[in-house]
Amino acid sequence: NGLAMDLRRFIENEPVMARPPGRIYLFKKFVRRNRLAVASTAGIAAALVLGLGLAYASYLGEREAKLEQARLRQVAETARVNEEKLRGNASARENIAQVAVLMSEGKTEEADARLRNTPLATIEPSLEAANVLRSLGGWNAMRGRWKQASECYLLLIQANLLSRPEQIVTNNDLIAPAPALVENGNMQDFQQFREWALTRCGDSADAMTAVQLIQSTLLVPADPDFLRRLEPLKANIERYHQEKLRSHPSGDRFLGAWRAWALCLLEYRLGDFEKSVEWGRAALNFRDPMLGVSAVIHPVLAMALHAAGQPAEARAELEKAQELMQYAYTPELAPAYEPVGRGQGNWWDWVLAKILFREAETLIQGKAATE
C-alpha cells in the first residue's frame, strides 16, 4: 500500500514518502506539477527585470546628457562673462586714456566727470590708471569734494596692487588718501585703507616709510592690536633720527620735524604721554618754516600735555593750533581751494592738522567745560 501510494505520488509529481523531503527536492516537484504557471511567472519576472534594466540605462543616459548640457551652458556663460569683462576692460582702458588726455589739456572737470562715469569694477591696476586717480583725487580734495576724492583714492589702492612699497611712499599714496577718507566720514573705508597701508608697507626698513605709515594710519585713534603692530616702527625711526642728527646737526629741519612729530603721535596713541610731550617739543625745536608742520605738531602736543596732567600748557598749545587754523583757512581764499592753507605745505598737511585739531579741541575744551 505504501509503495502504491508513493508510485501514485511519483506519477503525479508529488513528494514521495520513501525519502526525506529536502527543499530542493520539494521545489523540483512543485515546478514539475506547475510547469505552465512557473514558466509564465519566470517570463514575467524576466520581462520586468529586462524592462527595469533598460529603463535604468535610459535614465543614466538621460542624466549624463543633462549634465553635459549643463556643463556646456556653464562653459558658454563663462565665455560670455569673460567676453563682456574683456570688452569692459578695454572700454575702461580707453576711458582712462581719454581721462589722461583731458587732464593733460587742463580739462580736469571734464576728466573727473568722465572717470566717475566709468564702471569702477572695470578699472584694472596700471601705472596710467594710478597717475590719473592720484591726480583727480588731489584735485577733488583741494576743492573739498571728499566723496569724489575718496572714490579716487580707494580705486588708487587697487591700482597700486602692482606697485612696490617705495613707489607708494614716493608718490605720497600713503599720505594723501587718509585725510580725504576721514573727512568723507566713512570710517569703514578708512579702516580698510589703514589695514592695506600697514600690510603693504609695514615691513619696510625705510624710516620715512614708517613716518608716513604713522602719519596716515594714526590720524584717528586705533585699537590696541593695530598699535601693537605699529610699535616696532618706533625703534627704526629713532635710530635713523639720531643718525641724521649726528650727520646733519644743523640741517634736515623739515624731515627732522616730521620724524619727531610721528614719534610724538605714536607715543600718544600708545599711551606714553611723557615721551609724547618730549617728542612734540623736539619737533617744534626744529623751527621748520613750513607752517603746515607746526599745524600738525601743536594739536598732538596739546593732547599729550593734557593727558600728562598739564592742562594750562595743553590749552596754550591748542590756542597756537587754533591760530594756525584761522590763518590757513581764511575766508579770503577762494572757496574752491579752501583746504590748501595759504600755500604753506601740501593740502593734506592742513587737512591732517584740521582733523587732529578737532580731536584736541574736543578733548581739552570738552574737559574744561565739564570742570
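User: In this predicted model, are F193 and W196 buried or exposed?
Analyst: The model is predicted, so the answer rests on computed values. Buried means under 20% relative accessible area. Both F193 and W196 are classed as buried.

User: How many residues apart are F193 and W196 in helix α9?
Analyst: Helix α9 covers residues 187-201 and holds both F193 and W196. About one helical turn separates F193 and W196, because their spacing in the helix is 3 residues.

User: Which kind of aromatic pair do F193 and W196 form?
Analyst: The ring centres of F193 and W196 are 5.8 Å apart. Their planes meet at 35 degrees. Stacked needs under 30 degrees and edge-to-face over 60. The pair of F193 and W196 is therefore neither of these, but tilted.

User: How many aromatic pairs does the structure hold?
Analyst: Centres within 6.5 Å make a pair. By that cut-off, the number of aromatic pairs in the structure is 7.

User: Why is the pair of Y56 and Y59 tilted?
Analyst: The ring centres of Y56 and Y59 lie 6.2 Å apart. Tilted covers what is neither under 30 nor over 60 degrees. The pair is tilted because its planes are at 35 degrees.

User: What is the relative accessible area of Y59?
Analyst: Y59 shares helix α3 with Y56. Y56 is partly exposed, at 49%. Y59 is also partly exposed, and its relative accessible area is 46%.

User: Which ring does the charged end of R194 sit over?
Analyst: A charge over a ring must be within 6 Å of the ring centre. The charged end of R194 is 5.2 Å from the centre of its ring. That ring belongs to F226.

Methods:
Residues numbered from 1 in each chain as written. Predicted model: local features only at pLDDT ≥ 70, side-chain atom pairs only at ≥ 80, totals over all residues. Heavy atoms only, no water. Phe/Tyr/Trp six-rings, centres within 6.5 Å; stacked < 30°, edge-to-face > 60°. Helix = DSSP H or I, 4+ residues; strand = E, 2+ residues; numbered from the N terminus. Buried < 20%, exposed > 50% of the residue type's maximum accessible area, 1.4 Å probe, protein only. Lys NZ or Arg CZ within 6 Å of the ring centre and 35° of its normal.
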